[in-house]
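Here are some notes to read alongside the structure, for someone opening it for the first time. They begin with one residue and work outwards.

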2 protein chains.
Amino acid sequence: MARPAPRAVKRVTSIGGGPIGGGWTAYFLARGYDVVSYLHDMDEERAFRAIVDTAWISLTALGLGEGASRDRLRLTSDLRDAVSEAEFVQESGPEILTVKQELYRQLGEMVADDIVIASSTSGLTMSEIQSQCTTPGRTVVGHPFNPPYLLALVEIVGGAATSEAAVEWAGEFYQAAGKHPLVLNREIPGFIATRLQEALWREALHMVANGEATPQQIDAALIHGPGPRLALMGQCMAFHVACGEGGMATNLDQFGPALKLPWTRLEAPELTSELRDAMVDGCNDMAGERRFEELAAERDRGIVAILNAIGQVRPNSSGG
Amino acid sequence: MARPAPRAVKRVTSIGGGPIGGGWTAYFLARGYDVVSYLHDMDEERAFRAIVDTAWISLTALGLGEGASRDRLRLTSDLRDAVSEAEFVQESGPEILTVKQELYRQLGEMVADDIVIASSTSGLTMSEIQSQCTTPGRTVVGHPFNPPYLLALVEIVGGAATSEAAVEWAGEFYQAAGKHPLVLNREIPGFIATRLQEALWREALHMVANGEATPQQIDAALIHGPGPRLALMGQCMAFHVACGEGGMATNLDQFGPALKLPWTRLEAPELTSELRDAMVDGCNDMAGERRFEELAAERDRGIVAILNAIGQVRPNSSGG
């Protein structure tokens with residue numbers, strides 16, 4: 001079977017009976033695909049359907065795609081059967097390298113040659129995973145963010161033996177499927193989002209370990225501080241806009257030295273002119289023609305909408 | 001003048017003509033206070049009123065308090081006049097230690113003895129700021145998050161010479177004013193939210209410096225990944241809920257070793273049993289009677305509301 005055009009895909013196979021495999025299954029169903037889901041053991045069926053049904057509530061509230069139906073799900077514990085007609089495979093098996101290597105060895109033979117196989121792995125690299133696979137060119141990482149049926153991010157990167165065409169195809173496919181694909185420049189452990197989250201998490205653990213904050217204080221600080229802003233504006237643009245006309249250049253030139261303060265246990269990078277320019281150029285690119293007043297106004301409208309939305313869901317927005 | 005009950009405060013003085021002072025001014029006006037704002041020079045008036053007017057749009061969209069009006073703002077460049085009738089002082093002057101020390105020396109004499117003076121400082125400690133003040137017992141940090149008229153967090157902590165009563169009063173006042181006060185256990189540079197943000201920021205700079213990610217990729221990863229979740233659930237509870245029935249205990253017992261992976265440049269803390277228990281106990285406390293299914297359902301309802309809200313504000317939610 002030849003690789004279909006990314007927008008022409010109709011049949012998806014999801015591998016794995018856990019929350020990530022179940023979340024992907026629900027998501028693809030909600031976008032109107034036919035989905036075959038592979039479970040290691042059919043005893044997992046009830047728990048798996050419960051995951052799909054839970055996700056379905058939220059997916060319905062967000063709006064289902066044309067023809068979306070849970071009736072278009074087929075379950076099987078026969079791997080070869082699961083992938084026999086797949087036009088795309090999303091693998092969310094156990095996060096154990098040897099298990100994934102053996103799985104990709106099998107998938108490499110069972111899945112039609114041109115069909116892209118994407119792994120939900122959050123901690124392994126595709127170079128490692130694909131090492132036993134005889135057709136590694138079409139294997140990529142397609143890493144979602146939890147919960148995978150709600151958060152749009154999918155980080156995409158190939159391994160050493162992956163073809164560029166497969167990476168590009170995966171980006172276009174996820175885009176067509178309504179996700180926000182983020183193709184990485186190169187293979188790095190933890191990808192981008194998880195690394196950022198992990199840096200924050202380690203600092204949180206340090207603070208708790210040192211008696212400087214409790215988990216309750218940490219969560220309250222995030223929910224009532226940067227959280228609502230990060231839902232619609234990343235940290236780079238948040239600083240860019242907060243510094244007014246001078247933008248990121250002012251931020252780095254003025255606050256750069258503060259990076260050297262021992263505020264976090266993470267050692268600050270050297271603020272070279274190359275790094276400064278990369279940050280400034282990136283923010284200017286994102287700003288485009290919009291002046292900072294427009295950007296700030298957009299930010300504020302978004303935060304207002306988010307705060308009002310949270311207020312309706314949880315009248316007492318007391319965190320936790 | 002005796003310190004009024006936190007809920008009885010009617011007149012607030014805001015010091016500083018920049019975005020933080022202007023943001024606080026707008027916020028207090030929107031909550032129905034009489035506000036006197038001190039500007040270093042009345043030439044700043046036009047820019048200052050523009051800040052207030054911009055904030056007013058968002059504050060109106062969120063809902064104004066009873067009697068809220070911009071007509072209840074008085075501007076002055078006479079510091080003694082500005083604080084003469086103040087029942088609370090929010091100081092947002094320049095972030096320069098010597099400037100703040102001199103300002104608190106003056107305020108310590110000008111402001112009636114019992115009235116609480118709170119600093120918006122993000123990078124200095126109150127112990128340093130209050131060192132020239134003859135009445136330091138009522139001086140505290142009251143650190144907002146940008147934009148201060150929208151984000152609810154205010155981190156509160158005293159200096160070495162601050163009375164516990166003043167810290168407690170400040171917490172109750174901000175609560176009455178509609179903010180989310182977070183009283184810190186002790187004075188630490190950067191407080192809690194900024195430290196967490198700083199850890200994330202340093203990792204972002206490292207990734208750009210190493211060519212692993214662009215600012216555009218970093219912002220997209222945050223907006224479409226953890227952002228919408230962090231708007232209503234902190235990182236501790238996000239991990240607690242993601243691990244199902246086992247919660248934070250499972251997270252640390254299972255993923256603890258992953259902390260040692262070189263994913264970020266921040267060295268991981270030793271995962272002692274004390275740290276483990278502090279994390280687990282904190283999450284159990286936040287969960288209360290709610291089982292993880294309820295918590296996950298609440299999270300999902302919130303994220304759906306946030307995504308729908310963002311979708312309405314920005315139909316093409318393409319980040320940046």
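1. Start with A:Phe191. With 28 other C-beta atoms within 10 Å, A:Phe191 is buried; the cut-off for that label is 20 or more. Its place is the loop between strand 8 and helix 7 (193-209) of chain A. Its phi is positive, near 55°, although the residue is not a glycine. That deserves a look, because most residues other than glycine have a negative phi. Keep in mind throughout that this is a predicted model.

2. Now go to the other chain. B:Phe191 sits in the loop between strand 8 and helix 7 of chain B, and its phi is also positive, near 55°. Buried or exposed, then, for B:Phe191? B:Phe191 is buried, and 28 other C-beta atoms lie within 10 Å.

3. Another backbone detail turns up at a proline. The bond from A:Asn146 to A:Pro147 is cis, with omega near -5°, and A:Pro147 belongs to the loop between strand 6 and strand 7 of chain A. In chain B, B:Asn146 and B:Pro147 are joined by a cis peptide bond with omega about 0°. B:Pro147 is in the loop between strand 6 (139-144) and strand 7 (153-158) of that chain. For context, most peptide bonds are trans.

4. Time to step back to chain A as a whole. It has 13 helices and 8 strands, and the domain assignment gives domain 1 (6-183) and domain 2 (225-313). The C-alpha centres of these two domains of chain A are 34 Å apart. The C-alpha trace spans about 60 × 45 × 45 Å along its principal axes. A compact globule with 320 residues would have a radius of gyration near 20 Å, and the 22 Å of chain A agrees with that. Of the 320 residues of chain A, 53% count as buried.

5. Helix 1 (residues 19-30) of chain A is worth a stop. How many of its residues are buried? The count is 12 of the 12, so helix 1 of chain A is largely enclosed by the rest of the structure. Among them are A:Trp24, A:Tyr27 and A:Phe28. The partners that the buried residues of this helix pack against include strand 1 (11-15), strand 2 (34-38) and helix 2 (45-62) of chain A. Its end C-alpha atoms are 16 Å apart, in agreement with the 16 Å that 12 residues should span at 1.5 Å a residue. Just after the helix, A:Gly32 has a positive phi of about 90°.

6. Then try helix 6 (residues 164-176) of chain A, which has 13 residues and reaches 19 Å from its first C-alpha to its last. Here A:Ala166, A:Val167, A:Trp169, A:Ala170, A:Phe173 and A:Tyr174 are buried. They cover an arc of only 160° around the axis, so they are on the same side of helix 6 of chain A. The buried residues pack against several strands of chain A, including strand 4 (88-91), strand 5 (117-119) and strand 8 (180-183). A:Gly178, just after helix 6 of chain A, takes a positive phi of about 90°.

7. Last, the two chains together. 95 residues of chain B are in contact with 96 residues of chain A. Helix 7 of chain B gives the largest share of the side of chain B that touches chain A, 16 residues. By class, that side of chain B has 58 nonpolar, 24 polar and 13 charged residues.

Conventions:
Residues numbered from 1 in each chain as written. Chains lettered and ligands numbered in written order. Predicted model: local features only at pLDDT ≥ 70, side-chain atom pairs only at ≥ 80, totals over all residues. Domains from an automatic or database assignment. Helix = DSSP H or I, 4+ residues; strand = E, 2+ residues; numbered from the N terminus. Rg over C-alpha atoms; globule rule 2.2 N^0.38 Å. Contact = placed C-beta atoms within 7 Å. Nonpolar A, V, L, I, M, F, W, Y, C, P; charged D, E, K, R; others polar. Expected span 1.5 Å × (residues − 1). Arc of directions from axis to C-beta.
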